[in-house]
2 protein chains.
Amino acid sequence: MGARAIHHLGVAVDDLDAAVDTYARLFGAAVEHRATVPDQGVEAASLRLGDGRVELLASLGDDTPVGRFLAKRGPGMHHIAYEVRDLSRELAHLADQGAELIDEQPRPGLFGLQVAFVHPDAAHGVLSELVAHA
Amino acid sequence: MGARAIHHLGVAVDDLDAAVDTYARLFGAAVEHRATVPDQGVEAASLRLGDGRVELLASLGDDTPVGRFLAKRGPGMHHIAYEVRDLSRELAHLADQGAELIDEQPRPGLFGLQVAFVHPDAAHGVLSELVAHA
């Protein structure tokens, strides 16, 4: 039970190409995956920084989750994702603890992962994602 | 060169005890270190979540870096810290790349680490910390 690791830090950006370049130059990041996912309104790049991972998220339009975040807060940290073994079991545990869930059931996320988001109000202002390999 | 891993996610919180309890209950976090550091204006708890680490930061006053952050943004993600091998060398590289540094030289951070912060403007809105073991 519980988080096994930080899977990635999600970062909302205005310009995906520029951000990929910045993270490569400054921190030695390498692109692991990149995809445009119209039904989630996002173009995303998953970067490896050694054993760490940063997921850069650019919006496909103003009326998308990332677009609304960028309009309200500007570019910056968007969410933290924890890797878990059994996503359904973790969600049942969170519900049991009274945590406010955005996704009550696992759903397909980016790059073939199963994911569920937990509301920032449940974790002291941090939008938290649970991630499991499908 | 470059980041070797995500060392921790830094989270600003209003109530450190409540946040430690929340992260333990929801995500199975265990306290690794806890300290009050008056000259940094912060009370901090380092939590392990499996192989991951979250650093909870509570302010010791309104006129501190974390106090000002909380007043402006509210509780939530504050910074990401990357582990590096040679901090001085990484800082020289960042300066060479024109990145805006908050700390141009390594300085003592929390829990015995050597640290340096990189301005959010350098990394698409993300306050980034480089961490090395002393």
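A salt bridge is taken here as a side-chain nitrogen of Lys or Arg within 4 Å of a carboxyl oxygen of Asp or Glu. In the predicted model described here, Glu83(A) is buried but has no such partner, the nearest side chain of opposite charge being that of Arg4(A), 4.2 Å away. Because the limit for a salt bridge is 4 Å, the separation of 4.2 Å between Glu83(A) and Arg4(A) leaves Glu83(A) without a salt bridge. Glu83(A) belongs to strand β5 of chain A, which covers residues 76-83. When neighbours within four places in sequence are set aside, the residues in contact with Glu83(A) are Gly2(A), Ala3(A), Arg4(A), Ala5(A), His7(A), Val131(A) and His133(A). Arg4(A) is thus one of the contacts of Glu83(A), although the two side chains do not form a salt bridge.

As to confidence, the model has an ipTM of 0.95 and a pTM of 0.96. In chain A the pLDDT averages 96, and 100% of the residues score at least 70.

The arrangement of the two chains was examined next. Two copies of a chain are in general related by a rotation about an axis together with a shift along it. In this model chain A is superposed on chain B by a rotation of 180° with a shift of 0.0 Å along the axis, at an RMSD of 0.0 Å, which means that the relation is that of a two-fold axis. Within chain A, the C-alpha nearest the axis belongs to Met77(A), at 3.4 Å from it. The same surface serves both copies, in that 100% of the contact residues of chain A recur in chain B.

Aromatic pairing was then considered, with a total of four aromatic pairs over all chains. One of these is formed by Phe27(A) and Tyr82(B), a tilted pair whose ring centres are 5.0 Å apart and whose planes make an angle of 40°. This pair crosses between chains, since Phe27(A) is located in helix α1 (residues 16-27) of chain A, whereas Tyr82(B) is located in strand β5 (residues 76-83) of chain B. Both partners are withdrawn from solvent by the accessibility criterion: Phe27(A) counts as buried at 2% relative accessibility, and Tyr82(B) is buried with a relative accessible area of 0%. Tyr23(A) joins Phe27(A) and Tyr82(B) in a cluster linked by ring pairs.

The residue Ala81(B) also lies in strand β5 of chain B, and its relative accessibility of 0% places Ala81(B) among the buried residues. Residues up to four places away in sequence being excluded, Ala81(B) touches Ala5(B), Ile6(B), His7(B), His8(B), Glu129(B) and Val131(B). Pro120(B), by comparison, is separated from Ala81(B) by 39 residues in sequence and by 12 Å in space, from C-alpha to C-alpha.

Charged pairs were treated last. Side chains of opposite charge can pair when their charged atoms come close. The structure holds 14 salt bridges over all chains, and among them is the one between Glu32(A) and Arg48(A), with an N to O distance of 3.6 Å. Glu32(A) is in strand β2 (residues 30-37) and Arg48(A) in strand β3 (residues 42-49) of chain A, so this salt bridge ties together parts of the chain that are 16 residues apart in sequence. Glu32(A) is partly exposed, at a relative accessible area of 29%, and Arg48(A) is likewise partly exposed, at 27%.

In chain B, Glu32(B) and Arg48(B) form a salt bridge in which the closest N and O atoms are 3.7 Å apart. Glu32(B) is in strand β2 of chain B and Arg48(B) in strand β3 (residues 42-49), so that parts lying 16 residues apart in sequence are tied together by this pair. Glu32(B) counts as partly exposed at 30% relative accessibility, and Arg48(B) is partly exposed with a relative accessible area of 26%. In chain A, Asp17(A), Arg34(A) and Glu43(A) are joined into one network by salt bridges that share partners.

A salt bridge between Arg34(B) and Asp17(B) has its closest N and O atoms 2.8 Å apart. This pair links distant parts of chain B, with Arg34(B) in strand β2 (residues 30-37) and Asp17(B) in helix α1 (residues 16-27), 17 residues apart. Arg34(B) is partly exposed, its relative accessible area being 38%.

Conventions. Residues numbered from 1 in each chain as written. Chains lettered and ligands numbered in written order. Predicted model: local features only at pLDDT ≥ 70, side-chain atom pairs only at ≥ 80, totals over all residues. Heavy atoms only, no water. Phe/Tyr/Trp six-rings, centres within 6.5 Å; stacked < 30°, edge-to-face > 60°. Helix = DSSP H or I, 4+ residues; strand = E, 2+ residues; numbered from the N terminus. Buried < 20%, exposed > 50% of the residue type's maximum accessible area, 1.4 Å probe, protein only. pLDDT = per-residue confidence, 0-100. Least-squares fit on C-alpha atoms with pLDDT ≥ 70 in both. Contact = heavy atoms within 4.5 Å. Lys, Arg positive; Asp, Glu negative; His and termini not counted.
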